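Got the viewer open? Here is a short tour, stop by stop, with what to select at each one.

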Amino acid sequence: MSRFIQLHLLTSYPPANLNRDDLGRPKTAFMGGAQRLRISSQSLKRAWRTSDLFQEAMAGHLGTRTRRMGQKIYNRLVEKGVTEKKAAKWAGEMAGKFGALESKDSYLIKQLAHFSPEEEAVLLDLADTLAQRGEGPTDDDLKLLRKDHTAVDIALFGRMLADATRFNTEASVQVAHALSVHEAAVEQDYFSAVDDLNKGEEDVGAGHINEAEFGAGLFYLYICMDRRLLELNLSTADGLAAKACRALAEAAAMVAPTGKQNSYASRACASYIMAEKGDQQPRSLAAAFLNPVRCKNMFPDAVKALEEFQDKMDRAYGQCASAREIMNVPGEQGDLETILRFVEEG
């Protein structure tokens, strides 16, 4: 089995605002002296792990990232007949094992924590036990965190618990920010909305006027999976790591971030995927696009730049992967199922 699986994807998005900055504009970055459109890795990872595709593939092996698990515990205790005062105290004691509470009287934690399905089940079982015996949790009861679990999203993307570092999980997948391979501008869309009941007899103006910003581009995305670390993170679940790699690769190829989708319908699948595996040191091929690709033959030129740079890296450093598979939709080369089998077999 190869240790590393690397994916290089080219995905073309029409006018879109998939990932906004604090001003509501599409995110950007400068690279090679040119402004590029950008989609953050955080946005991509959330879109993938919450997608129907990934949720169905990994059903039963997904965690919950929330500050509000204490609320769920509180509701369970109250449903079982515990008084609101006791339920709030006990829920706070239990949730507090996953992070500092907002206050001593709260059962909400200050920061998001990722709960594995095993931990959530233990919490709810303990709530039932406490309700039955009518007494608060003991120190032994509060040993709630689990080092071994089957939460694929935690195993892939990691978990940090500042107050319980022994139960942290190192991410086995690294996801780069997606960048347009060409220079790109953020454009403005002036729009108006019409009042349906305004017949224009007195006021012929629009009911609402505003501006929205968008951008369009061909994006390069790089993903690196450490298969060995993923299997270590999922040590209690045989075969789950392979399924997780496949599900992540499929989501990366087919799932777009959800930002402004109702306004732009900017759903897109990858037009090109190069999948690599081996034990060699991983490397991104983003430097292939230091010189922005020009617009006339953008897609074939982007593919050419990527593959030529990969070949040059191999010649300079030696073979950077033991095996490769390519899917090129416009070039009618390969298919997604072949890529997914390649990734799953590791």
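Before the first stop, one term: a residue is called buried when its relative accessible area is under 20%. Keep in mind too that this is a predicted model.

**Stop one: helix 11**

Select residues 336–345, which make up helix 11. Now pick out its buried residues: Leu336, Ile339, Leu340, Phe342 and Val343. Look down the axis and you'll see that they cover an arc of only 160°, which puts them on the same side of helix 11. The spacing helps here: an α-helix has 3.6 residues a turn, so residues three or four places apart point the same way.

What lies over that buried side? Show strand 1 (4–16), strand 9 (208–226) and strand 10 (272–278), which are among the elements covering the buried residues of helix 11. Helix 7 (227–233), helix 8 (240–254) and strand 11 (323–328) belong to the cover as well.

Then check the two ends. At the N-terminal end, Asp335 acts as the cap, with a side-chain oxygen 3.2 Å from the backbone nitrogen of Glu337. Past the other end, click on Gly346, which follows helix 11 and has a positive phi, near 65°.

**Stop two: Glu213 in strand 9**

Go back to strand 9 and select Glu213. Is Glu213 buried or exposed? Its relative accessible area is 18%, so Glu213 is buried. Turn on side chains and find Arg25: a polar contact of 3.2 Å joins its side chain to that of Glu213. Beyond its neighbours within four places in sequence, Glu213 also touches Asn17, Pro26, Val186, Glu187, Gln188 and Tyr264.

**Stop three: the cysteines**

Colour the sulfurs next. How many disulfides does the structure hold? The count is zero. Take Cys224: the closest cysteine sulfur, in Cys245, is 11 Å away, too far for a bond. Cys224 is buried, at 3% relative accessibility. Cys320 is in no disulfide either, and the nearest cysteine sulfur to it, that of Cys224, is 12 Å away. Cys320 is buried too, with a relative accessibility of 8%.

**Last stop: the largest pocket**

Switch on a surface and look for the largest pocket, with a volume of about 520 Å³. Its lining has 23 residues; to centre your view, select Arg65, Leu112, Ala113, His114 and Met160, which lie nearest the middle of the pocket. Then show helix 1 (41–49), strand 5 (113–115) and helix 6 (152–157), each of which supplies at least two lining residues. Which element gives the most to the lining? That is helix 1, with five residues.

Note on methods. Residues numbered from 1 in each chain as written. Predicted model: local features only at pLDDT ≥ 70, side-chain atom pairs only at ≥ 80, totals over all residues. Heavy atoms only, no water. Buried < 20%, exposed > 50% of the residue type's maximum accessible area, 1.4 Å probe, protein only. Helix = DSSP H or I, 4+ residues; strand = E, 2+ residues; numbered from the N terminus. Arc of directions from axis to C-beta. Contact = heavy atoms within 4.5 Å. Polar contact = N/O pair within 3.5 Å; in protein donor to acceptor, adjacent residues only side chain to side chain. Disulfide = S-S within 2.5 Å. 1 Å grid on protein atoms, 1.4 Å probe; cavity = no way out; pocket = protein on both sides within 12 Å on 5 of 7 lines; lining within 4 Å. Points joined across faces, edges and corners; volume = space filled by probe spheres on them.
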